[in-house]
Each structure stands twice: as C-alpha cells, then as structure tokens.
Amino acid sequence: MRLPFKAPTTRAASAALLAAAALFTSAGAAAAASPSPSASAGEDGAPTEAGTGFRTATVLKQGQKATADASTGDYLYWQFPAGAGQQPQVKATVNLPEAATRHGSAVWQLDVYDGLRRRQACTSGEPTKRASEQDTSVTMTCTLRTVRPWAERWANDPLPGAYYIRLTLTDAPDRDHGLPVKAEVEATAKDAGGARAEGGEVAPLHAAAVKEPEDGWNGSWWSDRWAWTVGGAVLGALAAIGGYVLTRHPRRSAQQ
Amino acid sequence: MIIRKRLAAGACALLAALAGGIAPANAADGPPKDSPKVELVLDVSGSMRAQDVDGGSRTRMAAAKQAFNEVIDAVPADVRLGIRTLGANYAGDDKELGCRDSKQLYRVGPVDRTEAKTAVATLQPTGWTPIGYALRGADQDLGTDGGTRRIVLITDGEDSCGQPDPCDVARELAAKGTHLTIDTLGLAQDDKTREQLSCIAEATGGTYSTVRHTKELSGRIKQLVRRAETPVETPKPVQGADACSKAPEIGAGLWTDRETFSEHRWYRVNVKPGQELRTSVSIGADRAVDRDYGVLVRAVSEGGQELVRGAESGSGRTDVISSGLRFPNGQSGDKDEKGKESRTVCLEVSSSFSAPANVKRDPGLPVELAVDLVDAPDNPSDVAAFGLGRGWVLLGVLALTGLIAGLVWGWVSRWRVTVWRAN
C-alpha cells in the first residue's frame with residue numbers, strides 16, 4: 001500500500017540525508033584539500049571516464065553530461081538512476097577518429113539495461129546508427145518505457161533503480177579498431193504525468209551506487225489524479241445540491 | 001555508502017599527504033597491501049627502432065620512453081607500479097634464448113620516480129618479441145594478494161616466438177580467477193599485430209588501442225593506470241554443478257564461474273520469507289564466437305518446477321550477454337502458508353553461444369553471477385496511484401451520481417413532508 005502520508009515523510013528524511021551528505025562531503029573535501037581520487041571528474045563534477053563493464057560502470061546523475069576518451073571497439077558503460085513515473089532518455093554522441101585514418105563506415109550502438117542487467121527496449125529514438133567514412137560524429141538516442149513503481153515478477157517492465165548505458169561499435173572494418181574516439185553521454189528523464197501515475201512499490205533495483213532521484217524511487221506522491229478526483233468529488237457534491245434544489249423549487253412556487 | 005566512501009577517500013588522501021610530507025624518503029610505508037597493482041610490459045625488440053611515431057619524427061622507442069616518463073610522474077600515490085621488458089637483452093639469433101628474454105625492470109611497488117626513470121632511460125631496442133612468455137612473467141610479478149591487477153602491454157609487433165600463443169596465455173591467466181585485466185597498445189598498424197593484441201585484450205576483458213602519437217600513448221597509459229585505481233567489487237569464485245541437488249549454496253554477492261559451450265550450471269540460493277531474490281547473469285564472449293547467441297537463467301524450485309526465468313538473445317559483436325530475474329518469497333499480503341517459510345531456489349545458467357571449430361573450448365566462457373537478497377516491499381497495491389481516478393468519464397460519473405443522489409434526496413424529503421401534512 002502506498003499511503004499519502006508516507007511519501008512526504010520519506011521525502012523530508014531524504015532531504016535531511018542529502019543535507020547531511022552535502023555537509024559531510026564538503027567537510028571531507030576540505031580536509032583532503034583535493035577532490036577524491038576515484039572521482040575523475042571535470043569542472044562541473046561530470047565524470048570524464050567510462051567504465052568497461054557492468055561492475056565498473058561510471059555513475060551519472062540525471063542531466064549530467066559525461067565524457068570519456070576511448071578507443072574504437074571499447075565497450076563503454078555508465079549507470080544512472082531513474083524513479084517511478086519517469087521516462088528516461090539517453091543521448092550519446094561519439095566524435096569519430098579523423099576520416100583519413102578510417103577505412104569504411106562504422107555502426108555504433110547504444111544499449112540500455114535495467115538494474116538487473118536486462119536489456120530495455122527503446123520506445124523511440126535511434127539507438128543504432130551507421131556513420132559514413134566522412135562523418136565527424138554520430139549521435140544515438142534512446143527513450144525508454146515509463147518506469148513503473150511495481151511490476152509482476154515475470155515482467156521485464158522498467159522498475160525504479162539503476163540503469164546501465166552501454167555504448168559500443170558493433171560493426172566496422174577490422175583495421176579501424178583501436179583508434180581514439182571521444183564519447184559524450186547524457187541521461188535525462190521526463191515526467192510521464194498523471195496518466196501514468198501507478199500504485200505499488202518495489203525496492204529499487206541495484207541502486208547502491210546511484211543517488212536517489214529528486215522525487216524518490218517511487219516518484220512524487222503528487223499527481224494530477226488528485227486534482228481530477230477531488231474535482232470530481234466537488235462536482236458530484238454540487239450536482240447533488242443542484243438536484244436537491246431542483247426538487248424543492250416547485251414546492252416554493254406552489255406556496256406563493 | 002557514498003558518504004562513507006568519500007570520507008574514506010578523503011581520509012586516505014589526507015593520510016597520504018601527511019605521510020608524503022613527513023617522510024618522503026620512506027617509500028616502504030607507501031600504499032596498503034590491497035592497493036591496485038599495474039605492470040607495464042614494454043616491447044624493446046629490434047623493431048622499436050622504427051621511426052614512425054608523431055608523423056615520422058620520432059622512433060617508437062623514444063615515444064615509449066617519453067610516455068613512460070610522463071606516466072611515472074603521474075602515477076597516483078596508492079597504485080603500485082611495475083615495469084617489465086621483453087626482448088631487451090638478447091640480440092642474437094638463437095630463438096630458444098631470444099624467446100625467453102623478458103625481465104622485470106622495476107619491481108611492482110610504490111614508485112620511486114627517479115629510480116624508475118633511470119631504469120627506463122637505459123633501454124635500447126634489441127631482440128625478439130616473446131609476448132606470451134612476458135605475460136606469464138608479468139602475472140607472476142603482480143602476485144596474488146588482493147587488489148585489482150592490471151597489465152598494460154605496449155608492443156609494435158606480433159609475437160615472434162609462436163609458442164606459447166599469447167592469446168591462449170591471456171585466456172589461461174584470466175581463467176585463474178585472479179581478476180587480471182590485460183590492456184594492449186599497438187605501435188604498429190599491421191593486421192597481424194592488431195588481431196593478436198585485440199585477441200589478448202578480449203580474452204581478459206581489457207581494451208585494445210592503436211597509437212600514432214606520443215601524446216596518445218602517454219594519455220592512454222595514464223588512463224589505464226587511473227582505471228586500475230577505481231575501486232571495484234571483485235567477484236568470488238564458485239563452481240556450479242550439473243544438477244540442482246549437487247549445486248553449491250551461494251548467498252548474496254558477486255560470483256564468477258566458467259561455463260563451456262552448451263554447458264548448464266546450477267547454484268542454490270536460500271531465500272527467507274518476505275525476501276526477494278534478484279539475480280543478474282552475464283556471460284562474456286572472450287573469444288571468437290558465432291554470430292548469434294543467447295543466455296537463459298531460470299529459477300527452479302527444489303521439486304523441479306520453474307518459478308521464473310530471464311532470457312536474452314542477440315547477434316553481432318558483443319562483450320557480454322546478460323539477463324536477470326526477480327523472485328519474491330511470498331508477498332506481504334499473502335495469506336498463503338507457503339510464503340511463511342524460507343525456501344531453496346535453484347538457479348540454472350546456460351547460454352547458446354557457439355564457436356567455429358578452430359576455437360579453443362577450454363577454459364569455458366566467463367560467467368558473472370550477481371545475487372542479491374532484499375527485504376523487498378513487493379506491494380502490488382492498486383493499478384493507479386493511491387487508487388485515484390482521472391479523466392472526463394470519472395467526472396461525468398461523479399457528477400451524474402451526485403445529481404441523482406440530490407434528486408432522490410429532494411423527492412424523498414418532499415414525499416415525507418406531504419405524508420406528515422396529511423397526518
């Protein structure tokens with residue numbers, strides 16, 4: 001059961017946690033007088049490295065633009081969080097090696113997996129693209145299904161938790177492997193709205209490494225369903241009063 | 001978790017800074033025992049004299065030396081670095097001797113920058129290219145005590161010794177379960193070198209790059225050294241059985257196993273009431289495999305009934321194929337007695353990988369099994385959020401219901417007034 005009172009409390013709690021986290025991290029950073037060594041990050045804190053497998057996938061925040069230097073043929077992995085009611089969208093751009101060093105067209109592919117490493121379908125976008133020999137860059141996009149707060153265990157519906165991004169070359173002349181490329185990845189999420197506000201709850205999938213989204217794993221307690229339902233109730237009440245007045249009216253006119 | 005990690009990292013950095021400030025000479029107190037280890041394996045064979053790096057302005061050896069100097073300067077404090085050479089000492093024609101010419105130039109440990117640089121400066125392009133032999137040596141140099149282990153192989157040509165085949169050596173080292181990754185950097189662009197180096201990298205989950213400029217070379221090595229430093233959970237080895245009854249019991253955690261083509265492996269997991277079992281399985285393609293492949297993971301009850309399965313298939317170039325499944329043991333609202341006791345779930349892992357006849361079958365493909373047991377809320381609740389409604393039909397129904405209720409109420413009260421008056 002999802003109770004209306006519960007969501008705000010968890011929100012408050014997570015806000016407090018966040019504040020505490022901010023305090024601690026800034027304190028830690030100040031003490032060390034340098035950013036933590038493991039976080040190889042750019043100026044705005046966005047990661048500048050990619051992982052090479054599910055286990056080493058670099059953590060991304062929603063809306064962050066991560067970059068990575070790699071070689072053609074590398075498998076690049078990132079992970080980002082998504083909560084219920086969100087429709088995640090991933091965009092990846094690869095700056096290809098100089099045209100002079102390439103020998104043919106190359107097919108690049110973007111795959112998105114959920115926290116259980118199950119491949120997720122793209123509802124729209126172009127996850128696979130062929131770059132011709134002259135292209136300087138290639139951009140792939142993938143929009144996932146709306147993340148649901150609950151799904152039956154036999155379903156592979158997207159659930160709250162971590163999502164893995166895998167970016168790789170799937171086809172190119174053998175001679176073009178190993179050349180330097182620069183990849184850029186961004187994961188965003190769109191609110192799917194009240195029409196997709198669902199009930200239920202599961203513990204987020206493999207979410208230890210990623211940070212909970214702003215609205216929590218289960219999405220915000222608010223949806224326009226509240227407005228529709230309350231509005232309907234008010235309308236019903238008004239209609240009831242109207243109906244009652246309608247039946248009383250003839251008697252008043254009879255008395256006059 | 002993140003907070004703790006950051007704090008720990010901060011504390012480590014602080015300690016390192018302190019230690020560095022107080023006792024710069026005392027290198028023995030350097031990184032802890034489980035700190036990551038990287039060994040750079042450099043080809044110093046005769047062909048490294050070729051002058052084709054940076055557009056022909058520099059020899060391969062000069063480029064490698066400069067890159068090494070830059071890398072030595074940039075090594076993070078907690079990484080233990082070693083250097084091994086191959087083909088650096090024997091210039092003769094005796095294959096027997098030339099193919100055993102690989103020496104550790106700098107032992108794996110905290111880096112003394114001047115010492116390491118001096119050692120590198122003495123290198124002169126000399127002999128053969130015994131890559132396979134050197135990889136075995138590098139694996140021994142790294143030892144087996146904790147921490148991530150990485151070999152970075154920099155070479156300009158294929159193995160000139162033939163035996164042992166470096167690609168087989170790489171797969172054999174990876175199968176030892178010591179979490180070894182080999183990254184390869186090629187200074188030459190010919191097909192054979194590329195094929196061999198790609199094969200070595202693929203066999204261990206490493207990466208292959210070709211290099212044409214000194215800047216690329218040093219940048220890439222630095223990146224690989226940094227990568228070794230990234231903390232990562234290392235999987236524990238386990239050996240699955242061919243039937244559920246004989247299967248090893250595994251708990252939550254990360255497990256690794258090897259599975260040959262068309263082999264099925266079973267594992268057992270104990271799931272307490274109210275817990276949810278979550279499993280992800282990845283099977284790596286660490287050698288040349290046929291175009292189409294798939295993975296199937298099934299959760300089966302002890303009685304042999306399938307509970308739930310995860311399956312995935314694909315085709316084309318890939319590093320892994322993975323799938324996962326969830327199985328909650330009972331639901332919170334479950335009145336059923338079944339969900340009130342812990343139960344053993346058998347996991348069966350199989351793949352439909354196949355390979356051309358000339359590809360080696362042993363050791364099997366690497367399997368990674370992530371098992372998680374969560375005290376899961378698994379509440380189906382209502383389909384809609386809080387059971388709320390939405391849309392014009394809802395509004396219409398509520399309004400109409402209200403209107404009818406109002407009318408009925410009005411008529412009833414009119415009728416009562418009439419009855420009261422009549423009495």
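**A tour of chains A and B**

Start by selecting A:Arg117 and B:Glu368: these two form a salt bridge, with their closest N and O atoms 3.0 Å apart. Keep in mind as you click around that this is a predicted model.

Now bring up both chains and look at where they meet. The count of salt bridges between chain B and chain A is 6. As for the side of chain B that touches chain A, its largest share, 16 residues, comes from helix α9 of chain B, so-called for residues 392-422. Colour in everything in contact and you'll light up 79 residues of chain B and 82 residues of chain A. Polar contacts link 35 residue pairs across this interface, both partners being at pLDDT 80 or more. About 7000 Å² is buried between the two chains, and carbon and sulfur atoms give 57% of that area.

Next, select residues 365-374 of chain B, which make up strand β15. Is this strand largely enclosed or not, and why? Of its 10 residues, 7 are buried, so the rest of the structure largely encloses β15(B).

Which strands pair with it? Add residues 253-259 of chain B: that's strand β8, which pairs with β15(B) in the antiparallel sense over 7 bridges. Zoom in on B:Arg258 and you'll find its bridge partner in β15(B), B:Pro366. Then add strand β10, residues 276-284 of chain B, which runs antiparallel to β15(B) and is joined to it by 8 bridges. Here, B:Ile283 stands opposite B:Val367.

Last stop: select residues 226-246 of chain A, where an unreviewed UniProt entry places a "transmembrane region". The span is 100% helix, and its end C-alpha atoms lie 30 Å apart.

Key
Residues are numbered from 1 along each chain as its sequence is written. Chains are lettered from A and ligands numbered from 1 in the order in which they are written. This is a predicted model: local features need pLDDT of at least 70, side-chain atom pairs count only at pLDDT 80 or more; totals for chains, interfaces and linings use all residues. Side-chain values use heavy atoms; hydrogens and water are left out. UniProt positions are given in the numbering used here, feature names are shortened, and annotations may be inferred rather than shown by experiment. Helices (H or I, at least four residues) and strands (E, at least two) are DSSP runs, numbered from the N terminus. Buried means under 20% relative accessible area, exposed over 50%, partly exposed in between (1.4 Å probe, protein chains only). Two strands pair if DSSP finds at least two bridges between them. Contact means heavy atoms within 4.5 Å. Buried area is the accessible area (1.4 Å probe) that two parts lose on being put together, summed over both. A salt bridge is a side-chain nitrogen of Lys or Arg within 4 Å of a carboxyl oxygen of Asp or Glu. A polar contact is a pair of N or O atoms within 3.5 Å; within protein, one must be able to donate a hydrogen and the other to accept it, and residues adjacent in sequence count only if both atoms are side-chain atoms.
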